[in-house]
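Please work through the exercises below with the sequence and the 3D structure at hand. Each task is followed by a solution that goes step by step.

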Amino acid sequence: MLDKRSGSRLANLWDDAKAEGMSGPELLVYRSNTLGSDKRVTNYGGGNTSSKVWQKDPLTGEDVEVLWVKGSGGDSASIKLDGFATLYMDKLRALKGLYRGLAHEDEMVGYLPHCTFNLNPRAASIDTPLHAFVPKPCVDHMHPDAIIAIAAAKDSKAITKEIFGDAIGWLPWKRPGFELGLWLEKFCLENPDAKGVVLESHGLFTWGDTPKECYETTISVINQAIDWFERKSQGKAIFGGEVVKALDAPARRAIAAKLMPRIRGLISEKSHKLGHFDDQPAVLEFVNSKDLRPLAALGTSCPDHFLRTKIRPLVIEFDPAKPDVDAVIARLADDIAAYRVGYQAYYDSCKRADSPAIRDPNAVVYLMPGVGMFTFAGDKATARISGEFYVNAINVMRGASTVSSYVGLPAQEPSTSNTGSSRKPSSSACRSRRRWPARSPWSPAAPAASAAPLPTGCCTKAPVLSSPISMRPRSPAPTKSCRKPSEKTSFARCGST
Ligand SMILES: [Zn+2]
């Protein structure tokens, strides 16, 4: 039984009295809602959960094993029964006989609807094989900040081993799909005592024989990671240390009020935008740091972040010790234009014949030393959520760069739009290094102090405080009024179904 510490650690919220009498699917909903209630466990819309339940087949009347797995869309915190896809386990296992190998992985997505149990209209996500092939009744796949900080570290395998020993394994980056499902199955069979796996550049898989065991393992593993980061970070400079001082709060807000309409005007040429300003301590710590520019240039650590924040922010050059906002405004148009040029170059570098048209080339996230972060989107809620996601990215960078070298997400080809549904995903993620123009807001002149050789990364989010990983509950999950970004993502999202 986990203890019920509060504060910096995740509390064990499992309530036996509540769970008593629930059916298997109801326990899955309860487990999912409980996990999703704390955004340190998984980001909004990220991750998924499953249970394998024996049910009566409506056709034969026989008991059959059914995989209940979070379907496309929705959020774990609020998901209900109708948010889960249901599939025959025997049919899912039979798909292995049809699998022709990695080069043909994408065609397996088309078979998933054929495995549907009880005519459930909820589409199965591309993560379905990951859950199906783990030979355990209950599986959690989460995107916890503390784990993604490990997954986004250059030596994530060694760190995983150091923290968890043999209890939690490690698998290298692999795009979610049929092949990764087979990898997970192989790992489980070869390591029957393991309780989970850290997926490089992605997140966490944990499992258990019962819903409660699975839930408690997930919480325990995340807490172990939080503990480890706290110990390892003691006495170390975060982000290379502070190089500029934040202005006081009224001054920060005055600058935001002056600058945001200017930015908005410059990026609303084709579609109107609304902005959100965030100067919480986690943001100020990052924008005032020595490593702001090299870390920002490395880009986000997670496809979820990519979708919400674009691959990287625009850093607004500003010296709070000699605040000259007029000078910032004077060069703002050029800075924004340069970002657009960089985004076009990025798009062109990964473009394929079947790629969708380039989306809005303007930055979503704007970071300003001494002041804070501006985020812009088509509506206020999306702008706020984009900011929350970038704070999640900051959390990951803090953890990974403090104990190791942070590794950003690889450049991804702007190919098919895939939000984790059973639609055909991009067949070949562009794993090459990002190619930025030599001099632009995309490619700051500052040396990449924390640059790592191989770009990888994954998904997360959440606010931060004193330690590398957020020890404070995040802001509440967005409500239904917070619609998803209208922009189409450009690659298969990892587990963000
Ligand atoms: Zn995932």
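A crossing of two helices is left-handed if the near helix is turned anticlockwise from the far one by less than a right angle, and right-handed if clockwise. The structure is a predicted model, in which local features need pLDDT of at least 70 and side-chain atom pairs count only at pLDDT 80 or more, while totals for chains, interfaces and linings use all residues. Residues are numbered from 1 along each chain as its sequence is written.

**Exercise 1.** Describe how H8 and H14 pack, beginning with the angle and the distance of their axes.

Solution. Helices (H or I, at least four residues) and strands (E, at least two) are DSSP runs, numbered from the N terminus. Axes are lines fitted to C-alpha atoms, for helices over the stretch in contact, and angles run from 0 to 180 degrees between N-to-C directions. Helix H8 (residues 211–233) and H14 pack at about 55 degrees, with axes 10 Å apart. Angles under 35 degrees count as roughly parallel, over 145 as roughly antiparallel, 65 to 115 as roughly perpendicular and the rest as oblique, and H8 and H14 are therefore oblique to each other. The crossing of H8 and H14 is left-handed. On the H8 side the contact (C-beta atoms, placed from the backbone, within 7 Å) is made by Phe-229, Lys-232 and Ser-233, and on the H14 side by Gly-399, Thr-402 and Val-403.

**Exercise 2.** Give the strand order of the open sheet that contains E8, and find its edges.

Solution. Two strands pair if DSSP finds at least two bridges between them. The order of this four-stranded open sheet is E8-E11-E10-E9, and its pairing is mixed. Strand E8 (274–278) and strand E9 (314–315) are at the edges with a single partner strand each, so one side of each has no neighbour in the sheet. E9 pairs with strand E10 (residues 365–368) in the parallel sense over two bridges, and Val-315 has Leu-367 in E10 as its bridge partner. Helix H9 (residues 249–267) packs on the sheet, where it touches E8, E10 and strand E11 (372–377), and its direction makes about 30 degrees with that of E11. Helix H14 (residues 380–403) also packs on the sheet and touches E8, E10 and E11, at about 135 degrees to the direction of E11.

**Exercise 3.** Trace the pairing of E2 with E1 and with E3.

Solution. Strand E1 (residues 48–56) runs antiparallel to strand E2 (residues 63–70), joined by seven bridges, and Gln-55 stands opposite Val-64 in E2. In the hairpin of E1 and E2, with six residues between the strands, Gly-61 has a positive phi near 80 degrees. E2 is also joined to strand E3 (residues 84–88), antiparallel, by five bridges, and there Val-66 has Tyr-88 in E3 as its bridge partner.

Methods. Two residues are in contact if their C-beta atoms, placed from the backbone, lie within 7 Å.
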